[in-house]
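Here are my notes for anyone opening this one for the first time. Have a look at the picture, then walk through the points in order.

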Amino acid sequence: MARRILVATRKGLFTLTAGPGGWHLGSPAFLGDPVTIALADARDGALYAALNLGHFGVKLRRSRDEGNTWHDIGVPAYPDPDKLALIWSLAPGGAAQPGVLWAGTIPGGLFRSADHGDSWQLVTSLWNRPERAEWFGGGYDHPGIHSILVDPRDSGDIVLGISCGGVWRTRDGGTNWALCATGMHAAYMPPDQRVNPNIQDPHRIVRCAVAPDVLWAQHHNGIFRSTDNAATWSEITTAPRSSFGFAVAVHPADPDIA
């Protein structure tokens with residue numbers, strides 16, 4: 001498969017493909033429409049794009065022909081009176097889970113599909129946690145799930161990043177959940193709430209491909225790293241304070257480089 005980068009923007013979905021002479025920009029999809037997240041599923045080659053169309057609401061599209069044609073599929077739905085604001089993250093299930101997809105949304109719900117996105121079910125075991133009442137929005141009015149990390153060694157082991165709701169982990173595919181933000185601190189909170197794991201604001205979390213226990217997090221007030229699959233976190237204190245941002249990437253072959 002050719003090396004490809006999907007770039008989701010407020011003006012459409014753009015595709016960069018590596019070829020002779022470097023990277024080449026292809027024809028855009030959904031030109032002029034806000035695309036909040038895109039996913040290339042390496043398991044079967046399908047492409048997914050989530051759109052936030054304002055008056056027409058949130059839409060999900062799937063392509064099975066390298067983006068030449070796109071078709072509407074199911075959209076996650078909340079119980080009343082909660083309303084889906086946007087789809088903020090998409091992730092494939094494990095290699096042995098064909099058809100399984102995960103979607104993280106604003107206002108803070110996790111959804112699972114077992115049929116390539118044709119239908120979605122709210123993960124009520126997380127939605128009904130009493131701690132959710134303490135979550136709050138950062139740049140948005142409501143909290144959102146932006147990072148979904150399925151462990152390549154065990155598809156039932158999943159780490160979530162929530163802004164602002166800390167880091168959560170399940171080891172049984174979503175039946176039970178535990179807070180895993182020990183070591184993070186929130187400089188924007190009063191001193192007595194500084195280390196409360198449930199109000200931490202990780203902006204993005206990524207996992208190293210060759211060392212799955214190593215995670216990197218771009219936090220609202222620093223960069224944090226875990227070497228025990230999110231059980232504990234340590235701040236990278238040598239990082240400049242100007243490192244505030246919303247993106248982080250870890251080297252695919254060296255867990256010490258991000």
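**Notes on the strands**

1. Start with the hairpin made by E13 and E14, which has 2 residues between its strands. Strand E13 covers residues 158-163, and its antiparallel pairing with E14 runs over 5 bridges. (Strands here are DSSP runs of E with at least two residues, numbered from the N terminus; two strands pair if DSSP finds at least two bridges between them.) If you want a spot to click on, Gly161 has Val167 in E14 as its bridge partner.

2. A word on the ground rules. This is a predicted model, where local features need pLDDT of at least 70 and side-chain atom pairs count only at pLDDT 80 or more, while totals for chains, interfaces and linings use all residues. Residues are numbered from 1 along each chain as its sequence is written, and side-chain values use heavy atoms, with hydrogens and water left out.

3. Back to E14, residues 166-170: is this strand buried or exposed? With 5 of the 5 residues buried, strand E14 is largely enclosed by the rest of the structure. (Buried means under 20% relative accessible area, exposed over 50%, and partly exposed in between, with a 1.4 Å probe and protein chains only.) E14 also pairs with strand E15 (residues 178-179), antiparallel and over 2 bridges; there, Trp168 is matched with Leu179 in E15.

4. Next, look at E6, residues 58-63. Here 5 of the 6 residues are buried, so the strand is largely enclosed by the rest of the structure. Strand E5 (residues 47-52) runs antiparallel to E6, joined by 6 bridges, and Ala50 has Leu60 in E6 as its bridge partner. The two form a hairpin with 5 residues between them, and Gly54 in the turn has a positive phi of about 65 degrees.

5. E6 has another antiparallel partner, strand E7 (residues 71-72), joined to it by 2 bridges. The bridge partner of Arg61 in E7 is Asp72.

6. Further along the chain, find the open sheet of 4 strands, in the order E16-E17-E18-E19 with antiparallel pairing. Which strands sit at the edges? They are E16 (202-207) and E19 (234-235), each pairing on one side only. E16 pairs with strand E17 (residues 215-219) over 5 bridges, in the antiparallel sense, and Ile205 has Ala217 in E17 as its bridge partner.

7. Finally, don't skip Val7, in strand E1 (residues 4-9). Val7 counts as partly exposed because its relative accessibility is 32%.
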